[in-house]
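Okay, thanks for coming, everyone. I've got one structure to walk you through today, so let me put it up on the screen.

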Amino acid sequence: MLSLKCMVWKSLQRRASSIWFLFLTVVCQGQKESFEFQHLNAEQGLSHNIVNCVIQDRRSYIWIGTRKGLDRYDGHFVKSLETLEPQLKAYLGDEISCSYLDGRGRLWFGTTGLICYDPESHYFHRYLKGDGSGLSSNDITKIVEDEFGNLWIATRIGLNLFNSR
């Protein structure tokens with residue numbers, strides 16, 4: 001009799017486990033995330049279809065560096081920086097190769113030289129090789145910040161330590 005009770009108990013446990021597994025499977029399938037991609041290109045206002053870098057600032061704007069300039073996306077519309085700040089076209093150059101948001105909220109862009117943009121003051125500053133900034137080249141490939149607030153600027157001919165304070 002004892003073995004019959006054990007057999008019934010084990011059978012109930014297996015069925016409960018099967019029901020629990022089925023329940024979890026249904027619940028997990030009901031929670032699938034769906035992703036929707038939005039495609040942005042020149043037809044939507046990008047300065048070029050080849051995008052080199054993308055970064056989001058503290059105001060949630062998306063800055064897009066392309067082969068032909070810098071664009072800002074607000075979640076609805078793409079605006080070329082030429083439209084936002086017309087005098088900056090010659091200042092920025094064409095191709096934006098890289099971007100970085102530093103700990104102080106400033107945006108840095110690699111182009112023909114290094115560009116710093118402060119969104120609070122709408123101030124742009126350009127650093128070039130030979131201007132006293134210490135850049136070894138105007139061909140910027142990467143920008144990162146260390147724990148001390150220094151920027152490390154990679155170029156095609158070397159690495160530069162830049163005190164951005």
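I'll go from the overall layout to the strands, then to a couple of residues, and finish with the aromatic rings.

One thing up front: this is a predicted model, so please keep that in mind throughout.

Right, the big picture. The protein chain has 3 helices and 11 strands. If you read along the sequence, the pattern goes α-β-β-β-β-α-α-β-β-β-β-β-β-β. There are 165 residues in the protein chain, and 33% of them count as buried. The protein chain exposes about 11,100 Å², with carbon and sulfur atoms supplying 56% of that. And if you take contacts between residues at least 6 apart in sequence, 36% of those join residues at least 24 apart.

Let's start with strands S1, S2 and S3. S1 covers residues 51-56, and 5 bridges join S1 to S2 in an antiparallel arrangement. One of the places you can see that pairing is Gln56, whose bridge partner in S2 is Ile62. S1 and S2 make a hairpin with 5 residues between them, and in that turn Ser60 has a positive phi of about 75 degrees.

Then the chain carries on from S2 to S3 through another hairpin, this one with 2 residues as the connection. S3 is residues 69-73, and again we have 5 bridges and an antiparallel run between S2 and S3. Gly65 stands opposite Leu70 in S3, if you want a pair to look for.

So how enclosed is S2 by the rest of the structure? Largely enclosed, because 4 of the 5 residues of S2, which spans 62-66, are buried.

Now, stay on S3 for a second, since I want to show you Tyr73, which lies in that strand. Is Tyr73 buried or exposed? Its relative accessibility is 10%, and the cut-off for buried is under 20%, so Tyr73 counts as buried. What does Tyr73 touch, leaving aside its neighbours within four places in sequence? The contacts are Gln38, Leu40, Tyr61, Ile62, Ile64 and Val78. With Gln38 there's also a polar contact of 3.1 Å joining the two side chains. And for a sense of how the chain comes back on itself here, the C-alpha atoms of Tyr73 and Gly45 are separated by 9.4 Å, with their positions 28 residues apart along the chain.

Okay, next stop, the other sheet I wanted to show. This is an open sheet of 4 strands, in the order S5-S6-S7-S8, with antiparallel pairing. S5, at 98-101, and S8, at 123-127, are the edge strands, so each pairs on one side only. From one strand to the next, the twist averages 20 degrees.

Within that sheet, S5 pairs with S6, residues 107-111, over 4 bridges in the antiparallel sense. Ser99 stands opposite Phe109 in S6. Hang on to Phe109, please, since we'll meet that residue again in a minute.

S6 also holds Thr111. Thr111 counts as buried, with 5% relative accessibility. What does the Thr111 side chain reach? It's the backbone oxygen of Glu95, at 2.8 Å.

Last part: the aromatics. A pair of aromatic rings is described by the distance of the centres and the angle of the planes. In this model the count comes to 6 aromatic pairs. Take Trp63 and Phe109: the ring centres are 6.1 Å apart and the planes sit at 50 degrees, so that pair is tilted. The pair links distant parts of the chain, with Trp63 in S2 and Phe109 in S6, 46 residues apart. Both Trp63 and Phe109 are buried.

The other pair I picked is Tyr127 with Phe162, where the centres are 4.8 Å apart and the planes are at 70 degrees, so we call it edge-to-face. Tyr127 is in S8 and Phe162 is in S11, residues 158-163, so this pair ties together parts 35 residues apart in sequence. Tyr127 counts as buried at 18% relative accessibility, and Phe162 is buried too, with a relative accessible area of 9%.

And to close, which residues do ring pairs link into a cluster? That would be Trp63, Phe109, Tyr117 and Phe124. That's my tour, thanks.

Note on methods:
Residues are numbered from 1 along each chain as its sequence is written. This is a predicted model: local features need pLDDT of at least 70, side-chain atom pairs count only at pLDDT 80 or more; totals for chains, interfaces and linings use all residues. Side-chain values use heavy atoms; hydrogens and water are left out. Axes are lines fitted to C-alpha atoms, for helices over the stretch in contact, and angles run from 0 to 180 degrees between N-to-C directions. Buried means under 20% relative accessible area, exposed over 50%, partly exposed in between (1.4 Å probe, protein chains only). Contact means heavy atoms within 4.5 Å. Accessible areas come from the Shrake-Rupley method with a 1.4 Å probe; for residues, only the protein chains shown count as cover. A polar contact is a pair of N or O atoms within 3.5 Å; within protein, one must be able to donate a hydrogen and the other to accept it, and residues adjacent in sequence count only if both atoms are side-chain atoms. Rings of Phe, Tyr and Trp (its six-membered ring) pair if their centres lie within 6.5 Å; planes under 30 degrees apart count as stacked, over 60 as edge-to-face and the rest as tilted.
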